Amino acid sequence: MSANLVFVLNGPNLNLLGSREPDVYGRETLDDIAARLSDQAEALGLAIDLRQSNHEGHLVDWLHEAGARGALAVILNAGAYTHTSIALHDAIKAIAVPVIEVHLSNPHAREAFRHVSLISAVARGSICGFGAQSYALALDAAVRLRQ
Ligand code: DQA
């Protein structure tokens, strides 16, 4: 069991944060977010393992890994796979670790194809619309899952 470990998994195109549609996603890079989250985790007595991939199967594998290692929680920004991936839905169901869905933007206030999330129904909860702060709020939620 890794009771203090929180995986922070990021899906497609999130490697481009900072330069990708800054009006929507802000100017902070994923490295900026990782650095701040690391400091926050340390203050909370947690460790984070932040990863990004543009490949759906990597995210599936990492969810399985979080399950096998008995992580405290997974914070998941699945990017566009949020709206399409039955494989991620099934992987979340297959593990005992609670998953917190995050988004920088508020998908419900955007195009109709973003209004459906295949993650939400199997996530412990969802946080969206607060920019990079969505991740910080998710980490605060994760620490409260510790018994
Ligand atoms: C996103 C929202 C998704 O709709 C989009 O495809 C992304 C980013 C967000 O963080 O706001 O890639 O997950």
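Mentor: Let's begin with some vocabulary: Ala, Leu and Tyr count as nonpolar, Arg as charged, and Gly, Asn, His and Ser as polar. Keep in mind that this model is predicted.

Trainee: What makes up the shell around the ligand, in terms of nonpolar, polar and charged residues?

Mentor: The shell divides into 3 nonpolar, 5 polar and 2 charged residues. Among the residues around the ligand are Arg20, Tyr25, Asn77, Gly79 and His103.

Trainee: Why is the pair between Arg114 and the ligand called a polar contact?

Mentor: A polar contact is a pair of N or O atoms within 3.5 Å. A polar side-chain atom of Arg114 lies 2.9 Å from an oxygen atom of the ligand, so the pair meets that cut-off. The backbone takes part too: a polar backbone atom of Leu104 is 2.8 Å from a ligand oxygen, and one of Ala80 is 3.2 Å from a ligand oxygen. The protein covers 99% of the 320 Å² of accessible area that the ligand has on its own.

Trainee: How do you know that S4 and S5 pair?

Mentor: Two strands pair if there are at least two bridges between them. S4 (residues 99–103) and S5 have 4 bridges, in the parallel sense, so they qualify. Glu101 stands opposite Ser126 in S5.

Trainee: What is the strand order in the open sheet, and why do S2 and S5 stand at the edges?

Mentor: The order is S2-S1-S3-S4-S5, with parallel pairing. S2 (47–52) and S5 (125–128) each have a single partner strand, so one side of each is left without a neighbour in the sheet. On average, neighbouring strands are turned by 20° against each other, direction ignored.

Technical notes
Residues are numbered from 1 along each chain as its sequence is written. This is a predicted model: local features need pLDDT of at least 70, side-chain atom pairs count only at pLDDT 80 or more; totals for chains, interfaces and linings use all residues. Side-chain values use heavy atoms; hydrogens and water are left out. A residue is near a molecule or strand if one of its heavy atoms lies within 4 Å of it. A polar contact is a pair of N or O atoms within 3.5 Å; within protein, one must be able to donate a hydrogen and the other to accept it, and residues adjacent in sequence count only if both atoms are side-chain atoms. Accessible areas come from the Shrake-Rupley method with a 1.4 Å probe; for residues, only the protein chains shown count as cover. Helices (H or I, at least four residues) and strands (E, at least two) are DSSP runs, numbered from the N terminus. Axes are lines fitted to C-alpha atoms, for helices over the stretch in contact, and angles run from 0 to 180 degrees between N-to-C directions.
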